[in-house]
Amino acid sequence: MKKITADLIFPISSDPIKDGVIVLDDSGKILSVDQRSKHDPATLQHHKGMLIPGFVNTHCHLELSHMRGKVDTGTGLIPFISAVVQFRDFPEAEIMDAIKHADQEMYDAGIVAVGDISNKTDTATQKSTSPIHYHTFVEMFDFLSDNMTDGEFEKYMSVYDNHSEKNGNKKSVVPHAPYTVSENLFKKINQVNDIGQTVSIHNQETPAENELFISGKGALLDFYKNIGMPLTTFTPPHQPSIHYAIDNMDPLCKTLFVHNTLTTSSDIEAADSWSPNVYWATCPNANLYIENRLPDYKAFLDTQARMTIGTDSLTSNWQLSIFEEMKTIARFKSYVPFRTLLEWATLNGAEALGYEQTLGSFEIGKTPGIVLLEGVDERSWQSAKVRRVG
């Protein structure tokens, strides 16, 4: 049994507790959360700062970890994607070593669960042994071509089959983005996933995406032409891209829209009307790295959207730390309250990935991990350091 106390405990699911104590069994399961006065001081592990549950990273590309620092910042999404394709072929040993170190970096940053995009099987071994819980999103795309063969689909499914669900891991098959998935591929994806599974999709990350769906014009047309797949049969629906997504996805699944850099209040309301199972992942440092812009967080606050936080990959970020993402939001959009950011970073993320029964908050019976924010109170937290203590 372990008893951990600090100046402040933030259970997330309830109000902060001053001089609180978390009692854990040897497996890390919470037995009680109460006041320091109820315990013998000699039995307590004392810390200065704030105790919070482990962070949940709802969007990452672990398999791209070997590309840290290799793609220029500020280019916009389409040049970024083109650069990523050029850097995919690296020695296997280098790729596997980068994956291992990135997994450790997230663990050290207090992350207990990750929603991870996979196009290959490179990360499967690391995920099967990691102390982090992984929900693997096996990502599919056919570039709106509507001609994916059964053999090509089975190649994606072999990636799915090679990711284990042992040690608390989960998996599902998902569409990449509205501008890369045909209606037929959406149907195939929907047939694989069970009701209630979490499905992610990149959403409204660049102006060119909405432009393609509203007017049938823009930089994505040139991109497809340059890769030898011109959109000669594409008919724009004359609505923002998220409407194409919700017209083709399953409302009975949990849907995690990722990035949402250009998403408006009306887009949020449309998605929330379509399904009660919608979550929104923001990756602020990646948004700044690629597009030099951030989402309109006020729109998400005003509509009471269920927000989560992701890091994206080391291709589009300087580190893999949810706390650093929180700092970035606070630096540029200081109207987002600290308590709200904590909820996005923990309990909302756990719910989005299907881990709410065990992670995300300090509640009896959960094993959420314990992170110490050293040198922090609610009014001054951005200089704090993160340390795992349980």
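Which residues of β12 lie on one side and which on the other, and are they buried or exposed? Select Val278, Trp280 and Thr282 for one side of β12, then Tyr279 and Ala281 for the other: all are buried (under 20% relative accessible area with a 1.4 Å probe, protein chains only; exposed is over 50%, partly exposed in between).

The model is predicted, so local features need pLDDT of at least 70 and side-chain atom pairs pLDDT 80 or more, whereas totals for chains, interfaces and linings use all residues. Residues are numbered from 1 along each chain as its sequence is written, and side-chain values use heavy atoms, without hydrogens or water.

Next, display β11 (residues 254–259), which pairs with β12 in the parallel sense over 4 bridges. Strands are DSSP E runs of at least two residues and helices are H or I runs of at least four, numbered from the N terminus; pairing requires at least two DSSP bridges. Val258 stands opposite Ala281 in β12.

Now select β13 (residues 307–309), which runs parallel to β12 and is joined to it by 3 bridges. Here Met307 is the bridge partner of Trp280.

Trp280 also leads to the largest nonpolar core, of 107 residues, where it is among those touching the most other members, together with residues including Phe257 and Leu373. Such a core is a set of buried Ala, Val, Leu, Ile, Met, Phe, Trp, Tyr and Cys residues joined through side-chain atoms within 4.5 Å. Helix α13 (residues 338–353) supplies the largest share, 9 residues.

Finally, select Ile4, Ile9, Phe362 and Val389, which belong to a second, separate core of 12 residues.
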